[in-house]
Amino acid sequence: MAAPAGRCLWRVLAPRRGWLLPGLDQRLAAGPASLSAAPPVRPYAAAAKTAKKGSQRTRQVETKKKPAPRRRPLMSKPVDDVYLTWLYKRPSYDVEEAVGMLKKFQELDFTYPKQFVYINVFLDMALEKKKKVDQFSSTVLLPHRFTDETNKVLVFTEDEQEAEIARENGAAVVGGVELIKWILEDEIQVDFYVAVPAIIPKLIPLKNKLKKKYPSTRRNSLSSDIPKMLQLFREGLAYMVEDEHMIKTRIARLDMPTEQIIANLKTVIHDICSFKPPTYSPLVQRLVIRSSTSEGLLLNLDELLPQVEKVEEEIKNAEEEEKNAEEEDEEKRAEESVST
């Protein structure tokens, strides 16, 4: 019934459809096609949903909950000559063996035989609680010199006899208060500054300028023994702490006898260990030796670190026991007096 009624209505309105319903023909013609056509595809992606405030926290919690991957324990010694280094612990060597290996590396590689020998010293600067050893620098006189280079040293003194002694022992500059102006204006620049005790009160204007190079008894640069100071700072080996826990310095030449290289090494290590009290853990934690062209070799520290004498430890223990015994006697006397 609906279909014939629609046809009749169409016949009645057909002559007047142009002015009664403008554009009706176009709509009716396009109607079936538009109905049958598939919906258009969007050429762009949908907008991402906004993340919730707590999503980052949940992700962080999930990452924390994930167990850490288990690492295979490192093996001690390889069986074959060729092996994967990251599967084994780094080997350590005695001093004599390591120096012999460095000499052998030089022969096999045909490198310069008089190249320098270097050490990398890794330090434990921690003290009790949150305290640490202050970063330090030092100069040590080695038992066997390995270079002809000398440092320029300035000597502060107003005594003519002391000035003459300083010049005879190789001082680059000798003078008194008149040198302060030239140093502040950078007209005089040397490697080290030493002084006698009599003139030190007059050198206070140079404290901020010289900083760590300012003469002091702690650095052995303030003394009445001018020849000894000049020998130390002209011929000595200067080193300093880098990156808060490391010392890098050269100690010898590879063509020197093994005994001389070891003697220089022990001298430097003993000087480094003097900056931390022996009651704490050793200052030197790891020690690596190498030449200019070789790989680094980890050294055993048993023969290198200074050993504290047992006698001193026994004396300290005896003193502590005596103190404890005296305290116990005082407590007993106090208790007896209270009871009476």
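This is a guided tour of one protein structure, with a suggestion at each stop of what to select next and a description of what is there.

**The whole protein**

Before selecting anything, keep in mind that the model on your screen is a predicted one. Show the whole protein as a cartoon, and you can look for its 11 helices and 10 strands. The protein has 340 residues, of which 28% count as buried. Among the contacts between residues at least 6 apart in sequence, 66% join residues that are at least 24 apart.

**The largest pocket**

Next, select Ser 137, Ser 138, Thr 139, Lys 212 and Arg 219, which are the closest to the centre of the largest pocket among the 27 residues that line it. The volume of this pocket is about 720 Å³. Which elements give two or more residues to the lining? They are strand 3 (137–140), strand 6 (192–195), helix 9 (226–235) and strand 7 (237–240), and the largest share, 4 residues, comes from strand 3. If you colour the lining by residue character, you will find that it divides into 11 nonpolar, 7 polar and 9 charged residues.

**The loop between helix 8 and helix 9**

Now select Lys 211, which is found in the loop between helix 8 (207–210) and helix 9. Most residues other than glycine have a negative phi. Lys 211, although it is not a glycine, has a positive phi of about 55 degrees. With a relative accessible area of 61%, Lys 211 is exposed, because a residue counts as exposed when this value is over 50%.

Then move to Asn 220, which lies in the loop between helix 8 and helix 9. Asn 220 is another residue other than glycine with a positive phi, here near 65 degrees. Is Asn 220 buried, exposed or partly exposed? At 46% relative accessibility, Asn 220 counts as partly exposed.

**Helix 5**

Select residues 95–109 to bring up helix 5, which has 15 residues and reaches 21 Å from its first C-alpha to its last, close to the 21 Å expected at 1.5 Å a residue. Show the side chains of Val 95, Ala 98, Val 99, Leu 102 and Gln 106, which are the residues to look at for the buried part of helix 5. Turn the view until you look down the axis of helix 5, and you will see that its buried residues fall within an arc of 100 degrees, so they line one face of the helix. It helps to recall that an α-helix has 3.6 residues a turn, so residues three or four places apart point the same way.

On the other side of helix 5, select Glu 96, Lys 104, Glu 107 and Leu 108, which are exposed. To see what the buried residues of helix 5 pack against, add strand 1 (92–93), strand 2 (116–123), helix 10 (258–273), strand 9 (284–291) and strand 10 (297–299) to the view. Before leaving, step to Phe 110, just after helix 5, where phi takes a positive value of about 55 degrees.

**Thr 249 in strand 8**

Go on to Thr 249, whose place is in strand 8 (residues 246–253). At 8% relative accessibility, Thr 249 counts as buried, because that term applies to residues under 20%. Leaving out residues up to four places away in sequence, Thr 249 touches Val 117, Tyr 118, Ile 119, Leu 237, Ala 238 and Tyr 239.

**Helix 10**

For the last stop, select helix 10, where the 16 residues should span 22 Å at 1.5 Å a residue, and the end C-alpha atoms are 23 Å apart, which agrees. The buried residues of helix 10 include Ile 261, Ile 262, Asn 264, Leu 265 and Val 268.

Zoom in on Asn 264, which has a relative accessible area of 0% and is buried. Which residues does Asn 264 touch, not counting those up to four places away in sequence? They are Leu 142, Pro 143, His 144, Phe 146, Ile 251, Ala 252 and Met 256.

Finally, select His 270, which is also found in helix 10 and which, at 38% relative accessibility, counts as partly exposed. Apart from its neighbours within four places in sequence, His 270 is in contact with Leu 304, Leu 305 and Pro 306. You can check one of these pairs in your viewer: His 270 and Leu 304 are 34 residues apart in sequence, and their C-alpha atoms are 8.0 Å apart in space.

Conventions: Residues are numbered from 1 along each chain as its sequence is written. This is a predicted model: local features need pLDDT of at least 70, side-chain atom pairs count only at pLDDT 80 or more; totals for chains, interfaces and linings use all residues. Side-chain values use heavy atoms; hydrogens and water are left out. On a 1 Å grid over the protein atoms alone, a cavity is a set of points where a 1.4 Å probe fits but cannot get out, and a pocket is an open set with protein on both sides within 12 Å along at least five of seven lines; lining residues have an atom within 4 Å of a point. Grid points are joined across faces, edges and corners, and a volume is the space filled by probe spheres set on the points. Ala, Val, Leu, Ile, Met, Phe, Trp, Tyr, Cys and Pro count as nonpolar, Asp, Glu, Lys and Arg as charged, and the others, Gly among them, as polar. The expected span of a helix is 1.5 Å times one less than its number of residues. Buried means under 20% relative accessible area, exposed over 50%, partly exposed in between (1.4 Å probe, protein chains only). The arc is that of the directions from the helix axis to the C-beta atoms. Contact means heavy atoms within 4.5 Å.
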